[in-house]
Amino acid sequence: MSAMPITDDDLMAYADGQLEGERREAVEQALARDSALAGRVGAIREQNAALRDAFDPWLAEAIPPRLVAATSGTARGSRLARHGPALAAAATLLLGVALGWFGRDAMLERSGTPTSFARQAAFTHTLYAADQRRPVEVWANEEAGLVRWLTRRMGTQAHVPDLNALGYALVGGRLVAGNERPTGLVMYENADKQRLTLQWRLTKEKPSENGEAAFRYVHEEGVSVFHWVDDDCAYALSGPLERTRLLAVARVVYGQLATPGKAAPAEAPPGGAPASPPGPSRTQG
Amino acid sequence: MIDAPLPQPEMLAAIPRLRRYARVLCGDAARADDLVQETLARAWEKRALWRPGTDLRAWMFTIMHNVFVNQRASSMREASHVSLDAETESGRAAWQVPVPPAQFTRVELVEVLQRVGRLPAEQRETLLLAAVEEMKYEEIATMLSVPVGTVMSRLSRAREKLRRMADERPAALKRVK
């Protein structure tokens with residue numbers, strides 16, 4: 001019964017969530033027996049929480065343009081440096097998404113950037129798809145729970161498309177703070193570790209006069225995004241894919257989400273109306 | 001569409017964390033941004049060395065740590081009177097509490113920052129990486145090129161000092177305002 005004594009390092013590693021296997025079990029048993037030990041673990045965790053509370057606001061500060069310019073190896077005065085302020089605002093916005101709890105309206109106001117759903121989707125994709133350890137909040141093994149949770153929080157029935165046939169397996173999903181409404185996110189990954197995200201949120205925007213959706217394409221900060229509006233939701237599919245390949249995936253997603261019997265929409269002409277106009281111009285798609 | 005091994009969006013996304021780390025290292029916001037700029041420049045030069053799919057944050061943090069250590073070493077060679085002991089008064093004076101955004105000017109949070117500022121640089125750094133960035137001890141050890149035991153002892157000393165400082169706080173200051 002009396003195994004190795006519990007050391008201070010064990011308690012600290014346990015409090016930091018870094019203890020595995022037998023030592024972890026030993027610590028858990030010791031904590032159950034000894035409330036003083038449990039109190040010390042609690043104190044470390046409280047301290048960690050206080051540190052995060054104190055340091056996290058720093059992440060939301062506006063980024064100086066010279067640092068944005070430095071991400072592309074360009075010196076001051078270059079083409080990128082001139083675009084620096086806009087990119088800095090965009091990066092600040094990105095953090096606003098990361099810190100969902102942080103006054104995001106103030107952030108949007110400060111960034112001064114028009115924030116379309118597609119643009120937000122691209123930033124959110126970049127932020128989470130790059131995350132190795134915590135890309136999603138709920139993993140694919142709890143898909144049913146994920147669907148229930150997103151449905152409840154977003155106020156609309158969530159559907160998770162099955163992209164296995166295209167070689168993309170579900171990683172999981174999360175809720176993200178949107179501009180006006182919460183946005184649902186599900187992430188997929190293929191064998192090459194390439195990640196796609198589908199994001200959606202309720203919208204008042206109408207698909208189009210004739211009720212048809214159209215796929216719109218944007219390329220934001222290195223991420224391809226196809227977005228469309230259908231019924232009462234806006235959707236955005238993002239990933240580091242070439243346009244036609246991403247469109248193929250978007251069609252499959254649309255097909256699974258749309259009301260049965262509805263044909264996949266055409267791709268909207270660049271710079272065209274939000275929805276494909278009826279009649280002849282649809283041949284462009 | 002992402003052809004470059006080090007896509008700019010990921011570097012952009014890393015900037016806030018780099019700035020925070022730099023500020024914890026330097027203790028002064030302006031010098032911290034110089035350090036971040038230097039780190040980004042190095043990361044750009046070395047971008048071919050980054051393996052896609054690995055943690056970009058850890059890679060860039062490592063670059064930043066090394067740049068900082070080298071800069072500090074050369075400034076110490078230039079000014080031999082600068083003490084190597086980070087706990088001297090000059091070491092403490094270098095640490096200034098940056099003004100947090102208005103929403104967060106809660107007294108307790110500012111006090112936490114001030115207490116962290118009184119820790120030696122190595123302890124501040126380790127504490128940020130473990131408690132705030134939630135990195136694994138092993139990852140931190142690799143990053144800083146020190147044994148895991150050193151990471152843990154720095155961490156436990158930092159935590160103990162913070163606890164003592166919090167206890168020492170005069171009763172009058174415990175009230176807000």
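Among contacts in chain A of this predicted model between residues at least 6 apart in sequence, 53% join residues at least 24 apart. Chain A contains 9 helices and 7 strands, and 37% of its 285 residues count as buried.

Chain A also has a partner to meet. In the contact between the two chains, 42 residues of chain B touch 46 residues of chain A. On the chain B side, the elements that contribute two or more residues are helices H1 (8–26), H2 (29–45), H5 (107–117), H6 (121–132) and H8 (148–168) of chain B. The top contributor is H1(B), with 11 residues. Sorted by class, this side of chain B holds 29 nonpolar, 5 polar and 8 charged residues.

One of these helices, H2(B), rewards a closer look. With 17 residues at 1.5 Å a residue, H2(B) should span 24 Å, and its end C-alpha atoms are indeed 24 Å apart, so the expected and computed spans agree. Which residues of H2(B) are buried? They are Ala32(B), Asp33(B), Leu35(B), Val36(B), Thr39(B), Leu40(B) and Ala43(B). These residues cover an arc of only 155° around the axis, which means that they sit on the same side of H2(B). A handy rule helps to picture such an arrangement: an α-helix has 3.6 residues a turn, so residues three or four places apart point the same way. On the other side of H2(B), Ala30(B) and Glu45(B) are exposed. Thus H2(B) has buried residues gathered on one side and exposed residues, Ala30(B) and Glu45(B), on the other.

Key:
Residues are numbered from 1 along each chain as its sequence is written. Chains are lettered from A and ligands numbered from 1 in the order in which they are written. This is a predicted model: local features need pLDDT of at least 70, side-chain atom pairs count only at pLDDT 80 or more; totals for chains, interfaces and linings use all residues. Two residues are in contact if their C-beta atoms, placed from the backbone, lie within 7 Å. Helices (H or I, at least four residues) and strands (E, at least two) are DSSP runs, numbered from the N terminus. Ala, Val, Leu, Ile, Met, Phe, Trp, Tyr, Cys and Pro count as nonpolar, Asp, Glu, Lys and Arg as charged, and the others, Gly among them, as polar. The expected span of a helix is 1.5 Å times one less than its number of residues. A residue is buried if 20 or more other C-beta atoms lie within 10 Å of its own, exposed if 12 or fewer, and partly exposed in between; C-beta atoms are placed from the backbone. The arc is that of the directions from the helix axis to the C-beta atoms.
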